[in-house]
Amino acid sequence: MTTGSVGTSQPRFGGYGRVTGRQRYLADIHLEDALHVKLVTVPSARARIISIDASAAKEIPGVRLVMTAADLPDPMPRHGPQYQDRPVIAVDEVKYHGEPVAAVAAETKEAAEEAARVVEVAYEELPAIVTVADALAPDADLVQERSIRRPGSLIDSNVLCEYNFGWGDVDAAEADVVVEGSYAWPAQTHFAIEPHGFMAAADEDGIVVWSTIQHPYQLQKTIAQVLDWPLAKVRVIAPDPGGGFGGKQHPKLEPLIAFMAVKAGRPMRLVLTLDETFMAVRRASAEIQVRMGFKRDGTLVFQDFANDFLVGAYGDTGDRITAKASWLSAGPYRTPSVRIRARAILTHTTPTHPYRGFGIPHVGWARESCLTEAAAALEMDPLEIRLKNLARKGEEHVPGDTPADGEWEQTVRKAADEIGWGTPTPPGRGRGLAIGVKSGPTTGLSYSIVRLLVDGSVLVFSGTSDMGQGARTIFAQIAADELGVPIDQVSVVMGDTAIVPFDQQTSASRSSVLMGNAVLFACRDIQAQVRGIAARSHDLDESEIVVDRGTVQLPDSRLAIVDVVKAGLGKLGGELIGTGEMRKDAVPEHPLGGTASFFEFNCTAVELEVDEKTGSITIDRHVTVGDVGLALNPIQVKGQDDGAAIMGLGHALMEHIIRDDSGRVRNVGAIDYRIPTSLDLPLELESFMIENADGPGPYGVKGISEGSLLVTAPAIAGAVTDAVGVVIRDLPMSPERVWRAMREHS
Amino acid sequence: MNDTVHITVTVNGEQRELDAAPHHTLLDVVRDDIHLTGTKECCVVGECGACTVLVDGRPMNSCLMLAVEVDGSEILTVEGLTDPDGRLSALQEAFLTTGAAQCGFCIPGQLVSAHALMAAHPEPTLDQIQEALAGNLCRCAGYEQMAEAVFMAGKEGDR
């Protein structure tokens, strides 16, 4: 009687809207009477604001409000997911290129744009700090004034935070061979095809904020804080984002729009241009130094990391990315001694925001590249050195954290087999392979409500954002199977804090596991109620009844849940309401505040050739294998895996934000900042899943969605070395960089 | 700038008389005046393909054309791919079958580009498909699923 939809490629919920143009993204929502907002910026990464004269702007017909710091409470309200240091609008000083200093609201988009151009900002450009070296210079200016820093020993430096992790004794470790290198990861941008957008409307009942945000409940909290209003007076409506990739996790300009809506008494609408989105959000860059010590046979003796993440002008999530990624610097390997010094460094650049992989690609690039170089130094096979040190299931790769939670060797061997590792490489080609591991969420809290209606249809309420990963579909699959209803009788409601219960966030590939469990528990809550109904209806003791996967097993018969409920609810009808809570509690003594709820484990292997005349790389075959626990919906898993692999190719081969010496971003837009197109794909791309049902989510699922981009770059770099002998330690591996390296090599 | 220009266009088979601002793009008019919001706005400089529509059968970035330029033209937007009764075309069905639509934001542009390709080449090769869709960025990178979908629809015969 179970519908058996879990584990099958059910059609995407919301698919119809997506192929017909009927899906309503934020910019498609028309708010009656809304004013159009345009931001005012100065062409400088750091500038002292002397004065702002809006008189000419206010003369433009249709302009209703020009908002500057002077129009906001003093002291300026500040917000941020970790550090409450980001002002609602720049005050006194612009700290990164694109930081808004004023905002204009007008009856039409044109009037707002015209007025924004004539807001006169008098400013003095100041020297901007844009590199790690500049930020750490002894006489460096401080990016943040003391008043917005946390108290502590770092307050008079540009180091936002510093972590020292490790175990064993690196200095005392005796290695036969030591290999070291410095590896750099450039700043990149998310480039969701949907630019960020925000709307707000306030009245005497409270405020409604619409946003492309991934975490509606974090936005609710932020708006309540900056306005000093109760949570219940702040409603966040979060339509499905048109791609997030981490860039839409936390609030950015919503507080500004909220203040404007309150001040003007009119709804506000701000949809960023792509250029503005480039300025609003980016990924951290990093400089990572690695030393690795080995026994002659390739056994790891120590790993020693110095990780400097360049995180921008405000804290945002830079601290957490630095800490969480660095914690796993040493990867999935057994290492007796590990030392990790990690710093997040403030600069006059766009605040660092989470980005698919959350810093793990940066440390993975360094570690896996160094490991490939070590294999060469030890005259070992790059696969063999990895397998020799790889933690097996149940072994701790990071003492005190969750042990290896999968058959990781199986994943690695699958990737090796699929790339033909060990077979002769075709002439002119090279192969490379790398292993990535990322902690899933370390804490989490998700609630779900599931309502089984009298006609046997089901409503699932979830605070998860469906931004392409297909969360709606899998929650529907779980509910359909647990309650025994056809999946087309299930609706999933998301994206409105006035309707769906609290969810911490949609990030870290958590939703299948954490919200998935919350949905499962809500269905089990209904199953428990059904058991009671069945006992009463059939004059049985509850202990004689088993309710499972859509069926009610009585001593002498088997019924469908839906039939029991229809009969039990009687003439008045009604419904059964189930609630589910999934909590992953903090571990206060853990340096990250909690252990990994699971690991995303991936092995990527490539075979490629390098054009010796141009340095251009052609990927002949690209294989990624992920340990997914169980694929709730295989086609969706494949979509995420293939997509992440191609995004990883972009990061490895073409993407980087270019700044001039003054810190201005020089390459905004799709031509100057290249992302992969349909013509940039590997000649063959295959994603494979390892399924052992050994994850903590429903039916053994683990999180996916990030795995396939964790170590794309080091797999490619290893293959480039194999093909043409050069070692690349900087990204992207553009034709020019590879060509120059080949020229120096010869 | 407040003067408007009267234009006549046929959008998804329906003739419309419009007063368009001379500086408004076709994208502005499609989204804001005709309220067909399936066509998406991203880069507005012709680099991403999200706003692709057909103008007299040719795929165009609607952000790069002024509305007054399409006076007398036939426009097809993503909404026009679906039957009036809401039935999907074989191409749309194939996008769902292969899982090509993830976040979905680029999909209208992809579908319109693919539709134009199939009008010229009813059974396109994979190379032709990837070339035809090269101007439509997808950050979910469902490129292979999209190519597979177009290929599949070509084999089945688009309605």
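**Backbone features in the loops of chain A**

A:Pro75 sits in a loop of chain A, between strand S3 (63-68) and strand S4 (78-79). The peptide bond that leads into this proline, from A:Asp74 to A:Pro75, is cis, with omega near 0°. Please keep in mind that this is a predicted model. Here is a short tour of this bond and some other backbone features to look for on screen.

**Cis peptide bonds**

- The bond from A:Asp74 to A:Pro75 is cis, and A:Pro75 belongs to the loop that joins strand S3 (63-68) to strand S4 (78-79).
- Another cis peptide bond runs from A:Leu731 to A:Pro732, with omega near -5°.
- A:Pro732 is in the loop between helix H16 (712-724) and helix H17 (735-745) of chain A.

**Positive phi outside glycine**

- A:Phe191 is a residue other than glycine with a positive phi, near 55°.
- To find A:Phe191, look in the loop between strand S10 (177-185) and strand S11 (197-203) of chain A.
- A:Glu379, also not a glycine, has a positive phi near 55°.
- A:Glu379 lies in the loop between helix H9 (360-377) and helix H10 (382-389) of chain A.

**Buried or exposed?**

- A:Phe191 has 26 other C-beta atoms within 10 Å; the cut-off for a buried residue is 20 or more, so A:Phe191 counts as buried.
- A:Glu379 has 7 other C-beta atoms within 10 Å; a residue with 12 or fewer is exposed, so A:Glu379 counts as exposed.

Note on methods: Residues are numbered from 1 along each chain as its sequence is written. Chains are lettered from A and ligands numbered from 1 in the order in which they are written. This is a predicted model: local features need pLDDT of at least 70, side-chain atom pairs count only at pLDDT 80 or more; totals for chains, interfaces and linings use all residues. Helices (H or I, at least four residues) and strands (E, at least two) are DSSP runs, numbered from the N terminus.
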